[in-house]
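Work through the exercises below with the sequence and the structure open beside you. Try each task before you read its solution.

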Amino acid sequence: MADAEIPRSNRTVETIRGQYHKFMLIPLIERHSRWFNAGPVSIAVEARALGDSAERMVRGPSLHVFNAARTEEYLRFDVFGKVLHYHYIHPALGHNTLWGYDPDTNGPMIPWTCSALRDRLPVMLRRAGATALADEVETMGWDSSVLDEVARAATQALAPREDDL
């Protein structure tokens with residue numbers, strides 16, 4: 001059997017399924033971010049670089065979904081490193097729930113993220129505990145037309161930056 005056909009045990013598969021963490025995430029770095037106002041929500045695309053050396057650096061976009069005032073973050077999609085993932089953020093509790101992303105099933109993560117936001121934003125906001133914001137998105141709508149530019153900015157954030165270290 002070829003390597004690609006050999007099933008891997010759960011101990012070797014890098015998968016994350018709804019891990020609840022009692023801590024908040026590394027804050028967004030404003031100078032590495034581009035904001036998109038979309039009505040009741042604001043989306044930031046951050047060119048993230050994590051590591052202490054060029055050899056140990058992981059980089060790529062992190063897409064953040066905030067309320068319009070940009071005071072509370074509820075969703076984050078991290079498109080960097082070996083384990084692509086996203087978070088439901090519970091700011092009132094100071095906690096987050098981490099979910100792994102499967103590119104073999106879902107395809108590239110940036111288009112998937114934009115599609116999930118376009119089609120499922122209220123459901124995802126509710127999962128993060130932002131029920132009032134989800135209701136507002138459903139009743140008043142939101143400007144999903146920003147997602148094409150969000151996708152372009154996220155793709156650009158895949159490239160290294162001069163100030164990564």
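**Exercise 1: Tyr-86**

Tyr-86 lies in strand 6, which covers residues 85–90. The model is predicted.

Task: Decide whether Tyr-86 counts as buried or exposed, and find which residues Tyr-86 touches beyond four places away in sequence.

Solution.
- Step 1. The relative accessibility of Tyr-86 is 12%. The cut-off for buried is under 20%, so Tyr-86 counts as buried.
- Step 2. Leaving out residues up to four places away in sequence, Tyr-86 touches Arg-76, Phe-77, Thr-97, Leu-98, Trp-99, Gly-100, Met-109, Trp-112 and Met-124.
- Step 3. Take Arg-76 from that list. Arg-76 and Tyr-86 are ten residues apart along the chain, and their C-alpha atoms are separated by 5.5 Å.

**Exercise 2: The order of elements**

Task: State how many helices and how many strands the protein has, and in what order the elements run from the N terminus.

Solution.
- Step 1. The protein contains four helices and seven strands.
- Step 2. Read from the N terminus, the order is β-β-β-β-β-β-β-α-α-α-α.
- Step 3. For the protein as a whole, 43% of the 165 residues count as buried.
- Step 4. Consider the contacts in the protein with a separation of 6 or more: 54% of them are between residues 24 or more positions apart.

**Exercise 3: His-64 and Glu-46**

Task: Locate His-64 and Glu-46, and find which polar contact joins the side chains of His-64 and Glu-46.

Solution.
- Step 1. His-64 belongs to strand 4, residues 58–67. Glu-46 belongs to strand 3, residues 41–50.
- Step 2. His-64 has 0% relative accessibility and therefore counts as buried. Glu-46 is also buried, because its relative accessible area is 0%.
- Step 3. The side chains of His-64 and Glu-46 make a polar contact of 2.8 Å.
- Step 4. Each residue has a further side-chain partner. For His-64 there is a polar contact of 3.4 Å with the side chain of Ser-62. For Glu-46 there is one of 2.9 Å with the side chain of Arg-48.
- Step 5. Now list the residues touched, without those up to four places away in sequence. His-64 touches Leu-28, Ser-42, Ile-43, Ala-44, Glu-46, Arg-48, Glu-73, Leu-75 and Arg-76. Glu-46 touches ten residues that way if you count the full list, among them Pro-27, Leu-28, His-32, Gly-60, Ser-62, His-64 and Ala-157.

**Exercise 4: Leu-28**

Task: Leu-28 is touched by His-64 and by Glu-46. Find where Leu-28 lies and whether it is buried or exposed.

Solution.
- Step 1. Leu-28 sits in the loop between strand 1 (19–21) and strand 2 (33–38).
- Step 2. The relative accessible area of Leu-28 is 17%, so Leu-28 is buried.
- Step 3. Outside the residues up to four places away in sequence, Leu-28 touches Ser-33, Trp-35, Ala-44, Glu-46, Arg-48, His-64, Phe-66 and Arg-76.
- Step 4. Leu-28 and Ala-44 are 16 residues apart in sequence, and the distance from C-alpha to C-alpha is 8.7 Å.

**Exercise 5: Arg-70**

Task: Find what is notable about the phi of Arg-70, and in which loop Arg-70 lies.

Solution.
- Step 1. Arg-70 is not a glycine, yet its phi is positive, about 65 degrees.
- Step 2. Arg-70 is in the loop between strand 4 and strand 5 (73–78).
- Step 3. With a relative accessible area of 34%, Arg-70 is partly exposed.

**Exercise 6: Helix 2 and its partners**

Task: Describe how helix 2 packs with helix 4 and with helix 3.

Solution.
- Step 1. Two packed helices are described by the angle between their axes and the distance between the axes.
- Step 2. The axes of helix 2 (residues 109–127) and helix 4 (residues 147–156) cross at roughly 155 degrees and come within 10 Å. Helix 2 is therefore roughly antiparallel to helix 4. The crossing is right-handed.
- Step 3. In this contact, Ile-110, Cys-114, Leu-117 and Arg-118 of helix 2 meet residues of helix 4 including Leu-147, Val-150 and Ala-154. By class, the contact has seven nonpolar, one polar and two charged residues.
- Step 4. Helix 2 and helix 3 (residues 131–140) pack at about 170 degrees, with axes 8 Å apart. Helix 2 is therefore roughly antiparallel to helix 3.
- Step 5. Here Leu-121, Pro-122, Leu-125 and Arg-126 of helix 2 meet residues of helix 3 including Leu-133, Ala-134 and Val-137. This contact has six nonpolar, one polar and three charged residues.

Terms used: Residues numbered from 1 in each chain as written. Predicted model: local features only at pLDDT ≥ 70, side-chain atom pairs only at ≥ 80, totals over all residues. Heavy atoms only, no water. Helix = DSSP H or I, 4+ residues; strand = E, 2+ residues; numbered from the N terminus. Buried < 20%, exposed > 50% of the residue type's maximum accessible area, 1.4 Å probe, protein only. Polar contact = N/O pair within 3.5 Å; in protein donor to acceptor, adjacent residues only side chain to side chain. Contact = heavy atoms within 4.5 Å. Axes fitted to C-alpha atoms, helices over the stretch in contact; angles between N-to-C directions. Parallel < 35°, antiparallel > 145°, perpendicular 65-115°, else oblique. Left-handed = near helix turned anticlockwise from the far one by under 90°. Nonpolar A, V, L, I, M, F, W, Y, C, P; charged D, E, K, R; others polar.
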